[in-house]
Amino acid sequence: MRSKRGSECVFAPVFCQILLAGPVIPSMIEDNNDSVVPTDTQLSMVDDSKSHDLAIQWFREASPYIKAYRGATVVLCLPGDLIESDLFNTLIPDLTLLSHLGVQLVVGFGLRAQIDAYLNNEQETSTVIDGRRVTNDAALNAILTAAGKARAKFESRLSMGLPNTPMAGARLSVCSGNFISAQPYGVHNGVDYEHTGTVRQVHSNELRTHLASGNIVLLPPTGYSLTGDSFNLPSEEVCAETAIALNADKLIFFVEKLPVDSDGAVVREASANTMERLASQQNNEALMRTIQRAIKACRKGVARVHLLSLSDSNALLRELFTRDGGGTLVTAERWENLRAATVQDVNGIINLIEPQQEKGSLALRTREQLEIDIDHFVVCEREGMVIACAALFAEPESNPDRLAEIACVVTHPDYRGQGRAADLVAHLENKARSLHMKTVMLLSTNAAHWFIERGYIEQAPEDMPTPRKIAYDNKRNSKVFVKQL
Ligand SMILES: CC(C)(COP(=O)(O)OP(=O)(O)OC[C@H]1O[C@@H](n2cnc3c(N)ncnc32)[C@H](O)[C@@H]1OP(=O)(O)O)[C@@H](O)C(=O)NCCC(=O)NCCS
């Protein structure tokens with residue numbers, strides 16, 4: 001039966017392996033042993049069973065992402081040292097999996113490490129200023145040689161198809177070409193950068209044709225000018241400009257260190273504006289430059305830019321197929337600032353919520369209560385007016401159930417239907433996750449289906465924790481909803 005399911009499996013072998021392994025049933029253990037103390041083998045079977053169940057649960061949770069990524073365009077930017085590291089061997093099956101799931105992949109790569117090694121070998125040198133190499137003849141020779149080798153390495157690995165490996169029968173078509181037109185970077189502060197170039201044009205129509213035919217497009221850090229010259233280009237620039245030209249759904253950079261906030265905690269998600277503020281605080285110039293590319297790409301239409309750690313071999317799949325991800329997500333602000341509320345917003349929030357309180361859609365909140373709770377609120381402000389708000393109540397210390405509450409979700413009637421409430425709620429859910437909350441609950445009288453459509457499940461009011469049950473207003477008869485984070 002298993003082999004039959006195997007032949008029907010439409011996903012890449014790694015998924016099939018998870019599915020085909022199947023759970024170990026505890027009764028299998030009891031049948032074969034009289035002892036009540038489980039042996040090591042039995043324990044490992046239970047562990048296997050649990051991990052298979054977890055894998056299956058994860059697979060189910062990944063379903064919406066699998067659907068969303070079919071046909072999506074993703075541009076990856078890999079640093080040169082990744083191609084030489086063990087991570088490359090993990091990444092290749094992951095790229096294969098993405099391609100099998102219908103993701104249109106552009107894989108850009110840098111060659112800094114390879115060029116340095118080549119120059120060293122030839123006893124040549126070239127200087128790097130602010131992350132940009134001064135490409136002399138020797139360095140250009142190095143990059144063209146290294147680009148050819150790297151391309152051959154990608155092509156050979158993506159052609160693998162040995163049985164009993166995640167790459168079984170998975171051969172993929174790869175293409176590369178003169179997709180990037182370049183021009184000289186020129187002379188800066190008196191330094192002639194010689195064969196170093198900058199992206200002049202990305203030939204996006206040709207790229208799209210190749211992607212639509214199912215090819216993975218490889219982008220080396222090189223470009224060609226109208227004069228027929230070759231140029232060394234920064235791979236981050238090539239990838240960001242390509243993502244912009246393709247209006248890609250995602251641009252993914254692999255970095256040595258993820259960005260951190262002023263407390264030294266890794267930034268999991270930030271808008272382009274927030275990232276701009278954080279960029280200068282990073283103690284790593286290469287990261288700062290990558291962040292600037294990420295911000296530019298966001299502002300020029302790339303919906304999501306991800307920074308993933310080079311030290312995490314599961315980073316790519318974790319980021320794409322799990323709710324929490326593992327790297328840093330940078331998104332563009334779509335309209336106006338979504339920000340934490342301050343006491344100056346109290347009047348604006350009152351103007352927004354009063355009509356809904358009169359209709360009974362929202363519970364009554366006095367000005368005094370709002371002033372006390374203002375730190376829990378986030379608002380969308382447009383030209384000085386609060387047009388949407390929501391609040392999160394989560395007390396990590398005194399909350400053994402790790403249950404947070406979202407409240408007061410409201411959008412001004414003139415600005416509804418454009419995803420503002422969805423953004424606010426998603427933002428608060430992320431905040432609750434970062435506070436290690438496990439569940440989020442909320443009460444609603446008139447927006448039940450809005451929450452159900454966003455993964456909330458109705459719960460009986462009696463099932464709320466006691467302190468919340470006591471505060472529950474029976475007269476309002478609100479429905480209670482919960483969502484596991
Ligand atoms: C519910 C509410 C917050 C949605 O705000 P919004 O910014 O328009 O929400 P989004 O743009 O993210 O979502 C719009 C979608 O939700 C749907 N929707 C709006 N109100 C809804 C409701 N009460 N019930 C079910 N669906 C609703 C819209 O039809 C639209 O559907 P579509 O995407 O298929 O076109 C807004 O209608 C509101 O302020 N209602 C009054 C306050 C309230 O009831 N708050 C909830 C309790 S805390």
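**Ligand surroundings, nonpolar cores and helix α6**

In the predicted model, an oxygen atom of the ligand lies 2.7 Å from a polar backbone atom of Gly 417, a polar contact being a pair of N or O atoms within 3.5 Å; within protein, one must be able to donate a hydrogen and the other to accept it, and residues adjacent in sequence count only if both atoms are side-chain atoms. A backbone N or O atom of Ala 422 is 3.0 Å from a ligand oxygen atom, and an N or O atom in the side chain of Trp 450 is 3.1 Å from an oxygen atom of the ligand. On its own the ligand has 890 Å² of accessible area, of which the protein covers 70% (Shrake-Rupley method, 1.4 Å probe). The ligand is surrounded by 21 residues, of which Val 409, Thr 411, Gly 417, Gly 419 and Trp 450 come nearest (a heavy atom within 4 Å).

Residues are numbered from 1 along each chain as its sequence is written. Local features of this predicted model need pLDDT of at least 70 and side-chain atom pairs pLDDT 80 or more, whereas totals for chains, interfaces and linings use all residues; side-chain values use heavy atoms, without hydrogens and water.

The largest nonpolar core comprises 46 residues; such a core is a set of buried Ala, Val, Leu, Ile, Met, Phe, Trp, Tyr and Cys residues joined through side-chain atoms within 4.5 Å, where buried means under 20% relative accessible area, exposed over 50% and partly exposed in between (1.4 Å probe, protein chains only). Leu 76, Leu 78, Phe 154, Phe 254, Leu 316 and Phe 321 touch the most other members. Helix α8 (residues 137–158) supplies the largest share of this core, 10 residues; helices (H or I, at least four residues) and strands (E, at least two) are DSSP runs numbered from the N terminus. Another core, of 42 residues, lies apart from it and includes Leu 219, Cys 239, Val 267 and Ala 294.

Helix α6 (residues 86–100) has 15 residues and an expected span of 21 Å at 1.5 Å a residue, in agreement with the 23 Å between its end C-alpha atoms; the expected span is 1.5 Å times one less than the number of residues. Because 11 of its 15 residues are buried, α6 is largely enclosed by the rest of the structure. At the N-terminal end of α6, Ser 85 acts as a cap, with a side-chain oxygen 3.2 Å from the backbone nitrogen of Leu 87. Gly 102, just after α6, adopts a positive phi of about 95°.
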